[in-house]
Amino acid sequence: MCVLSAVPLAIMGIRAATGPPTVRFEEASANSGLTFVLNHNPTAHKYLVETMAGGISAFDYNNDGRMDLFFTNGAEVPSLAKTGPQYWNRLYRNDGGSHFTDVTKEAGLSGSGYAIGAAAADFDNDGLVDLLVAGVNECHLYRNIGGGQFEEISKQAGIHGGAWAVAGGWLDYDRDGLLDLFVVNYVQWSPESNPQCHDPSGRYLVYCHPREFQPSANTLYHNLGGGRFQDVSAASGIAKSTGKGMSLAIADFDGDGYPDVYITNDTMPNFLFHNLRNGRFEEAALPAGAALPDGGRPVSSMGVDFRDYNNDGLPDIVYTALAGESFPLFRNMGKAQFQDFTYASHLGRTTNKLSGWSNALADFNNDGWKDLFTANSHATDNIETFSGDRYQLPNTIFVNQGDGTFADGSAGSASSFAIPRAHRGAAVADFDGDGKLDVAVSVLGGKPELWRNASPGPDHWLEVRLIGSRSNRDAIGAVIRVGNQWNQLTSSVGYASSSLVPVHFGLGPQAVVPALTIQWPSGIVQKLRDLRADQRLIVREPAQ
């Protein structure tokens with residue numbers, strides 16, 4: 001007779017009959033110390049850059065085990081110069097207890113120019129997390145030199161500007177143990193060339209539609225070691241595809257052990273750069289079924305995440321868009337093919353009237369299924385004067401039902417969660433160390449929102465921090481399996497944002513994890529057994 005051990009349903013990938021637990025957030029901004037105001041400097045001229053600000057990065061810059069926050073900021077318009085502290089980018093140190101301290105000046109991160117996006121990773125493998133800041137005609141690479149300080153090394157590192165960079169992403173595309181840098185560029189634009197555009201009636205000035213601008217090529221930098229990078233955009237094949245890039249997400253979609261890159265394009269077909277494992281990429285979104293929603297028309301693609309939402313071991317794609325376009329979801333069907341599941345997942349119906357920017361697939365109720373958070377707002381600040389659409393919108397949380405569908409769970413959060421604002425970037429991390437994932441969101445013209453996860457229930461969790469030896473130090477690109485849950489270590493998520501945090505797993509009622517499998521970026525496979533839940537596990541890459 002064969003006796004099977006009792007394995008909790010959430011770990012097996014089966015939803016219990018009672019349905020998913022509630023997701024609930026409480027605003028913790030008031031006493032958080034996050035006093036920064038996102039100064040996007042809107043003008044009557046409607047310069048396009050004014051609506052694009054707001055990237056965030058969550059990472060542990062001082063290795064104290066707490067997730068810190070970095071916010072990009074705008075500048076004067078049209079000069080695009082940071083002429084005072086009101087335009088500084090901001091770094092906040094997490095002091096614990098949901099309180100943060102502004103350490104921008106001593107860290108040397110006030111920045112220059114009109115900054116948009118941020119991406120964190122340890123590019124030189126010294127155990128200190130570094131930072132890329134992307135902006136209009138500028139890209140700045142800040143090396144973490146320890147002692148709470150950074151130095152700007154873009155010129156000597158070979159990182160150049162000249163394009164409107166919106167976001168950056170770190171990946172080891174050639175698996176040499178050094179993190180390479182992918183920079184997403186938007187359109188060809190300058191304050192001098194910004195046209196004046198009007199609403200359909202011709203009465204109101206509005207931010208111009210992307211069709212008024214020429215597309216740009218993205219940029220790929222190969223990490224040569226020794227603090228130097230080489231622009232390999234042309235040699236890798238990346239530069240052949242020009243678009244109007246908004247953000248990127250990175251995952252190994254075909255399971256060949258090499259990271260691939262998905263790019264959201266504004267009102268153009270999206271890109272899926274398939275890693276050919278020889279230093280080159282092939283743009284494969286259309287044949288893979290991930291370039292366009294089933295309607296066949298491109299949408300205003302914004303923030304993106306690239307993770308397995310249905311626990312089948314294959315990373316899926318979800319991104320935000322504007323009202324009337326829904327938030328598309330492409331399910332990975334295997335064999336390098338995706339299928340549009342936007343309406344089958346119920347996101348088509350529940351997001352059709354929303355406009356979204358940043359997003360994240362993460363398990364907010366610790367039940368073993370990744371939920372979807374979206375930071376919402378329209379792109380046009382005067383849209384309500386000539387349209388039924390709304391400019392300021394509340395954030396939303398869509399709870400994973402465990403059967404391939406999502407349900408709007410925003411009503412379960414505090415009433416302030418529903419306050420409409422002009423949201424942009426977002427970062428997801430366990431900021432207060434209680435085992436539940438929280439969210440920080442940027443607001444145009446306002447202070448950041450800090451949403452503390454107050455979801456009820458005793459469900460267990462596990463966070464895994466990986467430290468590479470043969471792989472890159474952050475082990476970006478590693479894939480972890482717990483039961484039927486799969487996740488990868490990446491810092492690229494959402495709109496112009498970055499969350500370099502331990503990989504989080506909700507465990508439901510399970511107090512012990514029978515087995516955890518790590519596929520390191522180097523190709524090494526490691527298995528751990530009988531792990532106690534409710535802990536932050538640090539795992540070092542074993543020697544070959």
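Here is a short conversation about the pockets and nonpolar cores of this predicted model.

Visitor: What makes the space of about 620 Å³ a pocket?
Guide: A pocket is an open set of points with protein on both sides within 12 Å along at least five of seven lines, so this space is called a pocket because it fits that rule. Its lining has 31 residues, and Tyr 207, Cys 208, His 209, Pro 210 and Thr 380 lie nearest its centre.

Visitor: How do you know which residues line the second largest pocket?
Guide: A lining residue has an atom within 4 Å of a point of the pocket, and 31 residues therefore count here. Asp 60, Met 67, Arg 465, Val 501 and Pro 502 lie nearest the centre. Strand S33 (460-467) gives the most to this lining, with five residues.

Visitor: Why are ten residues of that lining called charged?
Guide: Asp, Glu, Lys and Arg count as charged, so ten lining residues belong to that class. The others are 15 nonpolar and six polar residues.

Visitor: Why is the set of 64 residues called a nonpolar core?
Guide: Such a core joins buried residues of the nonpolar kinds listed for it, such as Leu, Ile, Trp and Phe, through side-chain atoms within 4.5 Å, so the 64 residues form one core. Leu 69, Ile 116, Trp 164, Phe 182 and Trp 189 have the most contacts inside it. Another core, of 55 residues, lies apart from it, with Ala 478 and Val 539 among its members.

Visitor: What makes Leu 34 a contact of Leu 69?
Guide: Contact means heavy atoms within 4.5 Å, so Leu 34 and Leu 69 have heavy atoms within that limit. Other contacts of Leu 69 include Phe 100 and Phe 431.

Definitions and conventions:
Residues numbered from 1 in each chain as written. Predicted model: local features only at pLDDT ≥ 70, side-chain atom pairs only at ≥ 80, totals over all residues. Heavy atoms only, no water. 1 Å grid on protein atoms, 1.4 Å probe; cavity = no way out; pocket = protein on both sides within 12 Å on 5 of 7 lines; lining within 4 Å. Points joined across faces, edges and corners; volume = space filled by probe spheres on them. Helix = DSSP H or I, 4+ residues; strand = E, 2+ residues; numbered from the N terminus. Buried < 20%, exposed > 50% of the residue type's maximum accessible area, 1.4 Å probe, protein only. Lists of a residue's contacts leave out its neighbours within four places in sequence.
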